[in-house]
Amino acid sequence: MKKVTLLIPVYNEEAMLPTLYQRLIELINRNGTYAWEILFINDGSSDRTLDVIRQLRQTDSRVNFVNLSRNFGKEIAMLAGFDYTTGDCCVVMDADLQDPPELVDRMLQYWEEGYDDIYAKRRNRGEESWMRRRLSLAFYSILQKMSRIDILPNVGDFRLLDRRCVLTLRHLREQERYTKGLFCWIGYRKKSIEFDRGDRLAGHSSWSFFKLLNLAIEGITSSSTAPLRIATVCGILCSISSFIYAIYFLIKTIIYGDQAAGFPTLIVVMLFLGGIQLFSLGVIGEYIGRIFKETKRRPAYIASDYNEKKLGYDE
C-alpha cells in the first residue's frame, strides 16, 4: 500500500486545527487505498497550537509532528518536513484551508499517471486586497524575467511531490530559501491543476507586508544574479553620462568662457551619482550577506521534539 504524507507547517493556528483535521479525515476516508500520515511542523507557535496537535495524536496515530525549537519561518519549516516525511509522496499545504484538501484527490490521480510534481495554480487569490494582488503579480513578472529557470506565476506551495522530488529537496540546504524557486529548479515531470483559492476561515495571516517584501527579496536573490548586473549597467551608464556631461561643460567653457553658474546642476549630479553608488552597494551587500550566512555552516533549523521524543542537535 502506497503511503501519502500530508505536510502542514503551522504557526499560531490553534483556531484552525480542529476544522482542518476534520477536512483531512474526510480526504483520507475517500482514499482508503492509501496509507496516510499527517505531519505537522510547529514553527515555534506561541499559542496552544502544539497542545492541540498533541491531542490529535493521542486519538489518531497517523498524526505526527515536529516541534522546532523556535520560529524559523515557513520556508525552513517545509525543509524540516521534507526531512521527516515518510510517504511515497508528500502533499505540501497550508493550515488555513485557503488551499482546499479536496484538490488532493485529483493530485493523486495525476501522480498515479506518472507525474512527479502536481502543483495547484490559482485562478483567483481569495480575500487578498487589490494592492497586494497587483504587487504579487508584478513580483512574479519581475522574477520570471530575471531568472534563468521558469518560475511559475500564481503558484504557491500547495502541491504533491513524488518521493524522489522530496529526496532531492533534502539535499538543497541553503540558509536563505525560496522554496517556490527550488520546486522549479529541480525539474521533473510537472502537472498543473487550476483552482479558486478560498478565504481563511479563522485566525489571521502571519504574513505582513514586510514579511512578504522580505520573501520577494529572497526570491529574487535566490533565483538570479540579475540585480548585480543591473547595478553594473547602472554604473556604466552613469559613467558614460558623466563623461558626456564633462565634454559638454568643456566645450561650453571654451566657447562662452568660465561661468560661476551651474551650482544646482552640480549638486543634482552629485546626489544622483551618490544614490546610484548606494543602490549598487546595497545590492552587493544582499549577496555578501547570503555568502556570510552560508559560510557559518549552521543547521537550517533545530528540531526540539518529534512526536513525544525530545531531540538534540545530533538527531
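**Cysteines, a buried helix and a nonpolar surface patch**

A search of the whole structure, which is a predicted model, turns up 0 disulfides. Cysteine 90 is accordingly unpaired, and the nearest cysteine sulfur, that of cysteine 89, sits 7.6 Å away. Because a disulfide requires sulfur atoms within 2.5 Å, that distance of 7.6 Å does not qualify. Cysteine 90 counts as buried, with a relative accessibility of 0%. Cysteine 165 is buried too, and its relative accessible area is likewise 0%.

Turning to the helices, α3 spans residues 74-84, and 10 of its 11 residues are buried, so this helix is largely enclosed by the rest of the structure. Among the buried residues are Ile76, Met78, Leu79 and Phe82, and the charged residues Lys74 and Glu75 are on the list as well. Ala77, Ala80, Gly81 and Tyr84 complete the buried set.

Helix α1 (residues 17-30) offers another buried position, for it contains isoleucine 28, whose relative accessibility is 4%. Setting aside neighbours within four places in sequence, isoleucine 28 is in contact with Trp36, Ile38 and Arg62. Isoleucine 28 can also be placed relative to aspartate 105: the two are 77 residues apart in sequence, while their C-alpha atoms are 9.6 Å apart in space.

A welcome contrast comes from helix α10 (residues 263-296), where leucine 278 is found. Leucine 278 is exposed, as its relative accessible area is 62%. Together with Leu281, Ile284 and Ile288, Leu278 forms a nonpolar patch on the surface, and the four residues present about 410 Å² of accessible area together.

Key: Residues numbered from 1 in each chain as written. Predicted model: local features only at pLDDT ≥ 70, side-chain atom pairs only at ≥ 80, totals over all residues. Heavy atoms only, no water. Buried < 20%, exposed > 50% of the residue type's maximum accessible area, 1.4 Å probe, protein only. Helix = DSSP H or I, 4+ residues; strand = E, 2+ residues; numbered from the N terminus. Patch = residues over 30% accessible without salt bridge, like charges linked within 9 Å, V, L, I, M, F, W, Y side chains within 5 Å. Areas by Shrake-Rupley, 256 points an atom, 1.4 Å probe, with all protein chains shown as cover. Salt bridge = Lys/Arg side-chain N within 4 Å of Asp/Glu carboxyl O. Contact = heavy atoms within 4.5 Å.
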